[in-house]
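Here's a quick briefing to read with the model open beside you. Take a moment to turn it around, then work through the points below.

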Amino acid sequence: MKSIKRMADQMREELDGAKEYAILATELKSESPSAAQMYAKMAQDELGHANLIHAEAVKEIEKQQVIKEPPEIMKELWSIEHRYFMEHAAATKAMLELYAK
């Protein structure tokens, strides 16, 4: 389960980076369109990384559940991480949609 904890930490890092880049893209859209476009692309890349890590973590969890049911605390911790992922990914996508308008 240490690998899942590591993946959860990595997901957060990728999402935080994506959010930061999306904010910069939106802020720089009129002032520096080229830089804004670069940051938007970087935000999309970071979201892609977060999605890949999330998918792999889900596979690991499913694999573990076949072997042995995880303790309730681990299920709750993953629920928190999954919620964080869903909320922050959606917020970043919304920012990128604002940038695209």
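What covers the buried residues of H1? The cover includes H2 and H3. Keep in mind that this is a predicted model, and let's go through the helices one by one before looking at the core, the pocket and a few single residues.

**Helix H1**

- H1 has 27 residues, which at 1.5 Å a residue should span 39 Å, and its end C-alpha atoms are indeed 39 Å apart.
- The buried residues here are Ile4, Met7, Ala8, Met11, Glu14, Leu15, Gly17, Ala18, Ala22, Ala25 and Leu28.
- One of them, methionine 11, lies in this helix and counts as buried because its relative accessibility is 2%, under the 20% cut-off.
- Leaving aside residues up to four places away in sequence, methionine 11 touches Ala50, Ile53, His54, Trp78, Glu81 and Phe85.
- Glutamate 69 is another story: it sits 58 residues from methionine 11 in sequence and 23 Å from it in space, C-alpha to C-alpha.

**Helix H2**

- With 35 residues at 1.5 Å each, H2 should span 51 Å, and the 51 Å between its end C-alpha atoms agrees with that.
- Ala36, Ala40, Ala43, Glu46, Leu47, Ala50, Ile53, His54, Ala57, Glu60 and Ile61 are buried in H2.
- Those buried residues pack against H1 and H3.
- Serine 34 is also found in H2, but it is exposed because its relative accessible area is 59%, over the 50% cut-off.
- Serine 34 and arginine 6 are 28 residues apart in sequence, and their C-alpha atoms are 34 Å apart in space.
- Methionine 42, another H2 residue, is partly exposed, since its relative accessible area of 27% falls between the 20% and 50% cut-offs.
- Methionine 42 is 17 residues from alanine 25 in sequence and 9.3 Å from it in space, C-alpha to C-alpha.

**Helix H3**

- H3 covers residues 72-100, and its 29 residues reach 42 Å from first C-alpha to last, close to the 42 Å expected at 1.5 Å a residue.
- Buried in H3 are Trp78, Glu81, Tyr84, Phe85, His88, Ala89, Thr92, Met95, Leu96 and Tyr99.
- Helix H1 (2-28) and helix H2 (33-67) are among what covers them.
- Glutamate 81 belongs to H3 and counts as buried because its relative accessibility is 17%, under the 20% cut-off.
- Glutamate 81 touches Ala8, Met11 and Arg12, if you don't count residues up to four places away in sequence.
- Threonine 92 is in H3 too, and its 0% relative accessibility is why it counts as buried.
- With residues up to four places away in sequence not counted, threonine 92 touches Leu15, Ala18, Lys19, Ala22 and Leu47.

**The nonpolar core**

- In soluble globular proteins, nonpolar side chains tend to be buried together.
- Here, the largest nonpolar core has 23 residues, and Leu15, Leu47, Trp78 and Leu96 have the most contacts inside it.
- H1, H2 and H3 each supply at least two residues of this core.
- Which residues does tryptophan 78 touch, not counting residues up to four places away in sequence? They are Ile4, Met11, His54, Ala57, Val58 and Ile61.

**The largest pocket**

- Rolling a probe the size of a water molecule over the atoms shows where empty space is left.
- The largest pocket holds about 290 Å³ of space.
- It is lined by 13 residues, and the closest to its centre are Ile4, Met74, Lys75, Leu77 and Trp78.
- H1, H2 and H3 are the elements that give two or more residues to this lining.
- H3 gives the largest share, five residues.
- Sorted by class, the lining has eight nonpolar, one polar and four charged residues.

Key. Residues numbered from 1 in each chain as written. Predicted model: local features only at pLDDT ≥ 70, side-chain atom pairs only at ≥ 80, totals over all residues. Heavy atoms only, no water. Helix = DSSP H or I, 4+ residues; strand = E, 2+ residues; numbered from the N terminus. Expected span 1.5 Å × (residues − 1). Buried < 20%, exposed > 50% of the residue type's maximum accessible area, 1.4 Å probe, protein only. Contact = heavy atoms within 4.5 Å. 1 Å grid on protein atoms, 1.4 Å probe; cavity = no way out; pocket = protein on both sides within 12 Å on 5 of 7 lines; lining within 4 Å. Points joined across faces, edges and corners; volume = space filled by probe spheres on them. Nonpolar A, V, L, I, M, F, W, Y, C, P; charged D, E, K, R; others polar. Core = buried A, V, L, I, M, F, W, Y, C linked by side-chain atoms within 4.5 Å.
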